[in-house]
Every structure is written in C-alpha cells, then in structure tokens.
Amino acid sequence: MERAIELSVKSVNGGTGPFGAVIVKNNEIVSEGFNTVTTSNDPTSHAEIAAIRIACKELSNFSLEGCDLYTTCEPCPMCLSAIYWSRINKIYYANTRDDAHKIDFSDAMIYEELNKNIKDRKIPMQQMMRDEALKAFDLWDKKEDKVKY
C-alpha cells in the first residue's frame, strides 16, 4: 500500500488525479499504475485499470488469479468491474468513495444509474439488429477451441 500511495502522490504532482494502484503476486509487485485521465485524455485511465493491463501483459494472461490489488481508494464501478473480470483475489484499499466524493471525485451517479431500469437511465439506450448480432454469439457457442473467460 505504501507504493500505491507513493504513486498517487506522483500522479498529483504530474498533474492528474490522486490515485495509485499496485498488483502483487507471491509477495512481489507485478505491476503498478496511477491515474492519467487528464494527461492522456482517456477517461478509462484509472490507476487500477493501468495496473491490471500491465499485470496481464507481464504475466501473459488475462486472468490475475493469485494476485492481490492495493489501491489508494475504494474502486469505482468501472475499476471494480475490471477487477472482477480479471479475477483478482483480494482488494486492499485506503480511502473510501466518500473520501473521494469530498474532493469532487464522485461515482454516486453511476451507482444510481446501474440500479435503474435501462429505459430510465440518463443516457438513452436503444437495441437494434439483435438477430444479426446473434450470429456471432451462435458461432462462439459452437466453437470447439474457444478460450473461455
């Protein structure tokens, strides 16, 4: 966690958000990341996402089973989803989402939106071309040599 905090301070000093993350496997740091949203113009460039991408490359695997994540703040909904998709074993965090909200990093609206019916969300969603898109799902379902994830 100390390294994640160092990275969060580095991130602030570099002109972007106060977040850092480290992924550890067998008590060794596999990857580290910090927030670069404003410097990279990438809203997905959160510390946890950066650390996950680097760890997957380092380990040559999309699964991070056996790894733990140390992050300076309770993960946002996007990062939490990526953590689940990557199969990280455990999350250690320092600041809470309420702490982040106090300095204008709030994800409360996203949590609220996720609980709404699709038709009631702020960003309109419209389904289209389902039958055509189901062809790829059917191909995947029948594929003998697929790598499940």
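## Salt bridges and cysteines in a predicted chain

The side chains of D145 and K143 pair up in a salt bridge, with N and O 3.0 Å apart (a salt bridge here is a side-chain nitrogen of Lys or Arg within 4 Å of a carboxyl oxygen of Asp or Glu). Elsewhere in the chain, salt bridges with shared partners tie R3, E6 and E32 into one network. This is a predicted model, where local features need pLDDT of at least 70 and side-chain atom pairs count only at pLDDT 80 or more, while totals for chains, interfaces and linings use all residues. Residues are numbered from 1 along each chain as its sequence is written, and side-chain values use heavy atoms, with hydrogens and water left out.

How open are the two ends of that D145 pair? D145 is exposed, at 57% relative accessible area, and K143 is partly exposed at 38%. For these labels, buried means under 20% relative accessible area, exposed means over 50%, and partly exposed is what falls in between, using a 1.4 Å probe and protein chains only.

**The other charged pairs**

Side chains of opposite charge can pair when their charged atoms come close. By the cut-off above, the count is 6 salt bridges, and three of them, including the one you've just met, are set out here.

| Salt bridge | N to O distance |
|---|---|
| R3 and E32 | 2.7 Å |
| K142 and D138 | 3.0 Å |
| D145 and K143 | 3.0 Å |

Take R3 and E32, whose closest N and O atoms are 2.7 Å apart. This pair links distant parts of the chain: R3 sits in helix 1 (residues 2-13) and E32 in strand 2 (residues 28-34), 29 residues apart. R3 is partly exposed at 31% relative accessible area, and E32 is partly exposed too, at 28%.

K142 and D138 are another story: both lie in helix 7 (residues 130-142), 4 residues apart, or about one turn of the helix. K142 is exposed at 56% relative accessibility, whereas D138 is partly exposed at 37%.

Now for charge across the whole chain. Lys and Arg count as positive and Asp and Glu as negative, leaving out His and the chain ends, and each charge is placed at NZ of Lys, CZ of Arg, CG of Asp or CD of Glu. There are 19 positive and 23 negative charges, and their mean positions are 5 Å apart.

**Cysteines without a bond**

A disulfide is a covalent bond between the sulfur atoms of two cysteines. How many disulfides does the chain have? The count is 0, with the rule being a pair of cysteine sulfur atoms within 2.5 Å. C73 is in no disulfide, since its nearest cysteine sulfur, in C76, is 8.9 Å away. The sulfur of C79 has its closest cysteine sulfur in C76 as well, at 3.7 Å, which is too far for a bond. C73 is buried at 5% relative accessible area, and C79 is buried at 0%.

**The chain as a whole**

You'll find 7 helices and 4 strands, which are DSSP runs numbered from the N terminus (H or I of at least four residues for helices, E of at least two for strands). From the N terminus, the order is α-β-β-α-α-β-α-β-α-α-α. The C-alpha trace spans about 50 × 40 × 25 Å along its principal axes. Of the 149 residues, 30% are buried.
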